[in-house]
Structure formats: structure tokens, C-alpha cells
Amino acid sequence: LADLVAQVVGAIALTALVFRVWDRPLRVPFVYSGDALTQASVVDGIITTGWWFTNPRLGAPEGFEGYDFPLGGEMAHYWLLKVGSWLSDDPYLLTNAYFLAGFALVAMSAFVALRVIGIQRSLAHPLALLYSFAPYHLLRGTEHLTLAAYWSVPLGAMLVWWVLTERAPLVRVDAHERPWR
């Protein structure tokens with residue numbers, strides 16, 4: 001637990017240094033073009049109506065209805081944004097905060113995955129930070145907020161590792177019961 005806290009604190013400190021958050025107004029969009037505006041409207045819909053499916057502030061005369069727009073793979077992200085909407089009603093602040101928090105979330109999940117597969121602490125800490133600041137994360141930015149916060153990827157890799165090494169938790173496989181071999 002102490003290592004996990006150290007990893008998160010290190011990621012937050014490094015994120016603050018890289019993005020110079022003390023000089024940057026967080027209530028102003030980091031990017032104000034392209035898909036960043038669409039992403040901000042999704043976050044605004046979560047704040048305004050409780051979920052992203054509708055937004056009465058968009059799409060005259062009846063408002064925006066996105067029931068037919070496929071955003072199915074991002075539900076965990078939207079739930080976290082929903083929790084964030086309880087703390088702030090500013091869509092740009094929430095978008096920017098989630099983007100910045102994504103670095104700590106990715107570092108934390110990568111550290112857990114690396115430790116579970118057996119990487120030593122001294123190597124897992126820097127590898128998790130390095131993975132968190134991969135160019136993909138920086139290039140996606142707030143324009144593709146849910147793609148930039150790829151904290152689920154290390155957890156998915158950890159599940160694959162468990163299956164391949166036959167060490168899945170809560171499942172016991174006897175040596176003679178290996179139908180996939």
C-alpha cells in the first residue's frame with residue numbers, strides 16, 4: 001500500500017511539473033478545437049442531465065440525443081466523470097482534471113500489474129511512470145479523453161497474464177484439467 005501511495009504521489013508530482021499546473025488555468029480548455037469540443041459536450045451532458053445520452057443545451061430545437069451514437073467502451077470513464085460531476089459543475093475543469101488524473105490512474109494500474117506479474121519494486125516504479133507518460137497519452141490529450149486515460153490496459157494485461165500462467169485468483173486448475181493445452 002505504501003508503494004502504491006508513493007507511485008500515485010510521484011505521478012501527481014511529475015504531472016504537475018510537466019503541465020505546470022500552477023501557471024495554467026484549469027477552467028479553460030487545454031485544447032479548443034476538433035474532438036475536444038465534442039468531448040466537452042459529453043462531459044457537460046453528464047453534468048447537466050446525469051449521463052451523456054442527452055444534453056438540452058445542444059442541438060436546437062429539442063436538444064442533443066445521443067442514443068444512437070456508439071460510446072459503449074467508455075462506461076467506466078463516464079462513471080468516474082459522473083463522480084467528478086458531484087464535485088464540479090464546470091465541464092472544462094472536469095475534463096482537464098480527469099485528463100491530468102489519468103496519469104496517476106495509469107501509473108497506479110501499471111504499477112499494480114507489474115507487481116502482480118513479478119517485477120521488482122525498484123523496476124516497477126519507474127516503468128509505471130514511463131508507461132503513464134507514453135506519447136500516446138500526451139497525443140490523445142483532452143480531445144480523446146477516454147482513450148488517453150488507458151488505465152484499464154495494464155489491468156487487462158494482468159488478467160491475460162493470469163490466464164496464460166494458470167495463476168488466476170479464486171480459480172483452481174488441477175494439473176490434469178488443462179483442456180486448452
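The largest cavity in this structure has a volume of about 50 Å³, and I would like to begin there, with the reminder that what we are looking at is a predicted model. When the whole structure is searched, one cavity of 30 Å³ or more is found. Its lining is made up of Pro29, Phe30, Val31, Ala36, Ala40, Tyr92, Thr95, Asn96 and Thr142. The elements that contribute two or more residues to this lining are α2 and α4, and of the elements involved α4 gives the most, with three residues. Sorted by class, the lining of the largest cavity holds six nonpolar and three polar residues, with no charged residues.

Let me turn from the cavity to a pocket. The second largest pocket encloses about 170 Å³ of space, and the elements that supply two or more residues to its lining are α3, which runs over residues 75-85, and α4, which runs over 91-116. The lining residues are Leu80, Leu81, Val83, Gly84, Leu87, Ser88, Leu93, Leu94, Ala97 and Tyr98. By class, eight of the residues lining this pocket are nonpolar and two are polar, while none is charged.

Since α3 has come up, which of its residues are buried? They are His77, Tyr78, Leu81, Lys82, Gly84 and Ser85. These residues cover an arc of only 160 degrees around the axis, and therefore they lie on the same side of α3. What covers the buried residues of α3 includes α2, α4 and α7, the last of these at residues 145-148. Leu81 and Gly84, then, are buried residues of α3 that also belong to the lining of the second largest pocket.

Next, helix α8, residues 152-165. This helix has 14 residues and reaches 20 Å from its first C-alpha to its last, which is close to the 20 Å expected at 1.5 Å a residue. Its buried residues are Pro154, Met158 and Trp162, and because they cover an arc of only 90 degrees around the axis, they sit on the same side of α8. Among the elements covering those buried residues are α4 and α5, the latter at 121-132. On the face of α8 turned away from the buried side we find the exposed residues Val163 and Leu164. Just after α8 comes Glu166, which takes a positive phi of about 60 degrees.

That brings me to backbone angles, where the background is that most residues other than glycine have a negative phi. Arg20 is another residue to look at here, with a phi near 45 degrees, a positive value in a residue other than glycine. Arg20 is placed in the loop between α1, residues 2-19, and α2, residues 35-49. Is Arg20 buried, partly exposed or exposed? Its relative accessibility is 46%, so Arg20 counts as partly exposed.

Finally, a residue that is in contact with Arg20, namely Thr15, which is located in helix α1. Thr15 counts as buried because its relative accessibility is 5%, where the cut-off for buried is under 20%. Leaving aside residues up to four places away in sequence, Thr15 touches Arg20, Leu100, Phe103 and Phe133. Arg20, partly exposed in its loop, is thus one of the residues that the buried Thr15 touches.

Conventions: Residues numbered from 1 in each chain as written. Predicted model: local features only at pLDDT ≥ 70, side-chain atom pairs only at ≥ 80, totals over all residues. Heavy atoms only, no water. 1 Å grid on protein atoms, 1.4 Å probe; cavity = no way out; pocket = protein on both sides within 12 Å on 5 of 7 lines; lining within 4 Å. Points joined across faces, edges and corners; volume = space filled by probe spheres on them. Helix = DSSP H or I, 4+ residues; strand = E, 2+ residues; numbered from the N terminus. Nonpolar A, V, L, I, M, F, W, Y, C, P; charged D, E, K, R; others polar. Buried < 20%, exposed > 50% of the residue type's maximum accessible area, 1.4 Å probe, protein only. Expected span 1.5 Å × (residues − 1). Arc of directions from axis to C-beta. Contact = heavy atoms within 4.5 Å.
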